[in-house]
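Reader: Got a minute to walk through this one with me? I'd like the sheet, the helix packing and one loop residue.
Author: Sure. Pull it up and ask away.

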Amino acid sequence: MRMQRGFRDKLEKYADTNNDLTVNMSVNGSAEYDFCCFGVDTAGKLSDDRYMIFYNQTHSPQNEIVYSSAGKTCSYTLRLSALPSSIVRLVFTVSIDGAQTMHDISSHTIEIKQGQNTIADMQLSGNDFQAEKAVISLEIYKKDVWRFAAVASGFNGGLGDLLREFGGEEASSDSVPVQQSAPSYGSPMPMQQETPSYGSPMPTQQSAPSYGSPMPMQQEAPSYGSPMPTQQSAPSYGSPMPTQQSAPSYGSPIPMQQEAPSYGSPMPMQQEAPSYGSPMPTQQSAPSYGSPMPTQQSAPSYGSPMPMQQEAPSYGSPMPMQQSAPSYGSYNSPAPSPTSRQGQPKVSLEKKLQAGAPKLVSLAKPLQLELEKRDLQNCVARVALVLDISASMTDRYQDGTVQEIVNKTLPLAVQFDDDGQLDFWIFAKKPKRMDPVTMSNYDSSVPVNWHDVMKELKYSNNEPAVMELVIKEYKNTTLPAYVLFITDGDVMLEGPITKLITKSSKLPIFWQFVGVGGYKYGVLEHLDSMEGRYVDNANFFALDDFKSVSNQELYSRLLNEFPSWLNAIRQNGMI
C-alpha cells in the first residue's frame, strides 16, 4: 500500500503485531544523513535514553528495537509486543549533517515490512520539503492498538530542534555541566553526565545506572524531593530551594513577608471576592474604574457597574429582573424579550429547526440549556466551521464523523446568526472555501468526492493558510465571530499558528479548536499560557470520538470560554 503524507491507520489491519516487523529508510542525496528511532512515553519524551536507537546505540535493552545501516539506508527490526508499557510511540527520523536541506535530496523512501511482505511504503522527493534539516518520517504508536502514521515533516533547526522535541539536546564541547541543570519532573537524578546526547558515546556500565534504579552509593545526588546540595543551583522540581536563593520552588508557599494571596484564595473578610478580572471592591460594591455610581433608576449598559442596592451577579448568571442589561454577546439595545438584530421577536431555535431541518430538532434542547446557563440566548454572532481534510482524516470522512460535526455545528449558526448560515472552509496543505451550510443543504455539504478534494488540496496539514482566509473574512466585521476549527492533530507549524492567534486577538474572532481522535496537537494544547495577546481569544479540547459524546456535554464544552471572550472584547471596545 502506498502511503501519502498524513496517512494514518491501524497496523493490525495489515500485519501481525505480535511478530517481528521491519522499518526501512533511505535517502538519496549528496549530504550525510543520520537515522534515529526515539522510543517515547505518553508525554512524547525520551524518558529512558536506552530507547534512543541510532548508529552509536544499535539496540534497546531487550533487543525490542535493533538498528543496522549501510551507507544512506537503514533498517530497524521491531518486536512491538516486547516493548515496556512506558514506551508508547516509536518515532523514526532522518537528519542532515551539513549545510544542505531536505529540499536538496533526490528521494526519501520509507517502508514497513513483515517478512518479505511490504505492508506500506511512502516515496518522497525534495519537492515535498522546503528548508527542513531534520524530519520525522514515520511513527508507530499505541492507542488501544498499534497504529502507524506517515508524518514526513520536521524542523528547520535540524538535529537540535529534533532532539529538543523529545527532551534531549546535542552534545557539544561547551555543554553545561550536569550539576547545573535541573532534571525533569520525576526523573532520576543525573550522575557525572546527562542522558547521552545524540551522537555522543554511550556511558559505560559503571557510569550509568539502569533507568529508574537507585543511584550508586558514591554519588551524592539526592533522592527526588530532598534538598539539593548547596553547590548546585537548580533543585529538582518540587524540592525546597537552597537557603541562599530567594525564589521559592514552584508550588512552595509564598514567603511570609509577601501579603498577596495566592490566585483563587479568598480576599480579606472586609471585602467581597469580585469575579475574576474585575476591580477589587471597597466596602461597597465597586463600579467600573472611573465610572459614576448609577442610581437605582438607571439601567446600566452591559459591562457597567451594578446599582449599589444589589450585589453584582456572578459571571454568567442571569441579570436581575428590574434591569435590562443585555446578555453577554448580544448586539442591540436591551429589550424585554429575545429579539433579532432587526428588533423583531426572535423565533425559538426549536421552531426554526422544526421548520427547516427537522432531522436536527433533537439538538435544540441541549443547546438551549447551555445557552441559558451562559445567558447567551440573545447573542448575535457570525459562525464558521473549519474542517481538516488532510489524508489522516480519511477514516472520519468514511465513518460519517465529519457529517456529524456539520450537523451539530449548524444549530449554533441558526441560533446566533439571523441568516442561519454557517460559513465553511476545508483545508489540507491548501485551503478552500466551500458554499455556506444552511438548513436546506447541510446533509449534502460534505463533498461526496471528498477523496478527490483531499488529493486536490495536497493531503498534508497547513493550518496557517486557512487561518489567514478566516482572518481576512472577519477582520472588518461589526459582529463577534465564533470559529469552530476541527483538526486531528500533527500540528507542526507552531510559530505561524501562534503569530496568527496573537494577531487576531485584536479582532472580534474567537477560535474554538477541537481535536478529533488524533494526537500531537502541539501549540493548541498550550493556548492558556500563550503570551502577547490583547485578549484570550482561543480555546482547545480533544475528543476521542466526536459522535459518542452527549450533545449537552458537547455544547457545554464548545461554549465554555466564549462568554468570557465576549465580555473581554466589549470591555476593550472591540465591537
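Reader: Start with β3 and β7. In which sense do they pair, and over how many bridges?
Author: Antiparallel, over nine bridges. Strand β3 covers residues 32-40 and strand β7 covers residues 89-97. Keep in mind that the model is predicted.

Reader: Noted. Which residue in β7 does Phe-35 stand opposite?
Author: Val-94.

Reader: And the sheet they belong to. What's the strand order?
Author: The order is β1-β11-β10-β7-β3-β4. That makes six strands in an open sheet, with antiparallel pairing.

Reader: Which strands stand at the edges?
Author: β1 (8-10) and β4 (52-53). Each has a single partner strand, so one side of each has no neighbour in the sheet.

Reader: Zoom out. How many helices and strands does the chain have?
Author: 10 helices and 17 strands.

Reader: What share of the residues is buried?
Author: 48% of the 575 residues count as buried.

Reader: And the exposed area? How much of it comes from carbon and sulfur?
Author: The chain exposes about 28200 Å², and carbon and sulfur atoms supply 49% of that.

Reader: Contacts next. Taking those with a separation of 6 or more, what share is between residues 24 or more positions apart?
Author: 69%.

Reader: Helices now. At what angle do α7 and α8 pack?
Author: About 15°, with the axes 9 Å apart. α7 spans residues 463-474 and α8 spans 494-504. Because of that angle, α7 is roughly parallel to α8.

Reader: Left-handed or right-handed crossing?
Author: Left-handed.

Reader: Which residues make the contact?
Author: From α7, Glu-463, Pro-464, Met-467, Glu-468 and Ile-471. From α8, Pro-496, Ile-497, Leu-500, Ile-501, Lys-503 and Ser-504.

Reader: Last topic, Pro-436. Where does it lie?
Author: Pro-436 sits in the loop between β14 (431-433) and α6 (450-456).

Reader: Why does Pro-436 count as partly exposed?
Author: Because its relative accessibility is 29%. Partly exposed runs between the 20% limit for buried and the 50% limit for exposed.

Reader: What is Pro-436 in contact with, leaving aside neighbours within four places in sequence?
Author: Gln-421, Leu-422 and Asn-441.

Reader: And Trp-425? What separates its C-alpha atom from that of Pro-436?
Author: 8.8 Å. The two residues are 11 apart along the chain.

Methods
Residues are numbered from 1 along each chain as its sequence is written. This is a predicted model: local features need pLDDT of at least 70, side-chain atom pairs count only at pLDDT 80 or more; totals for chains, interfaces and linings use all residues. Side-chain values use heavy atoms; hydrogens and water are left out. Helices (H or I, at least four residues) and strands (E, at least two) are DSSP runs, numbered from the N terminus. Buried means under 20% relative accessible area, exposed over 50%, partly exposed in between (1.4 Å probe, protein chains only). Contact means heavy atoms within 4.5 Å. Accessible areas come from the Shrake-Rupley method with a 1.4 Å probe; for residues, only the protein chains shown count as cover. Two strands pair if DSSP finds at least two bridges between them. Axes are lines fitted to C-alpha atoms, for helices over the stretch in contact, and angles run from 0 to 180 degrees between N-to-C directions. Angles under 35 degrees count as roughly parallel, over 145 as roughly antiparallel, 65 to 115 as roughly perpendicular and the rest as oblique. A crossing is left-handed if the near helix is turned anticlockwise from the far one by less than a right angle, and right-handed if clockwise.
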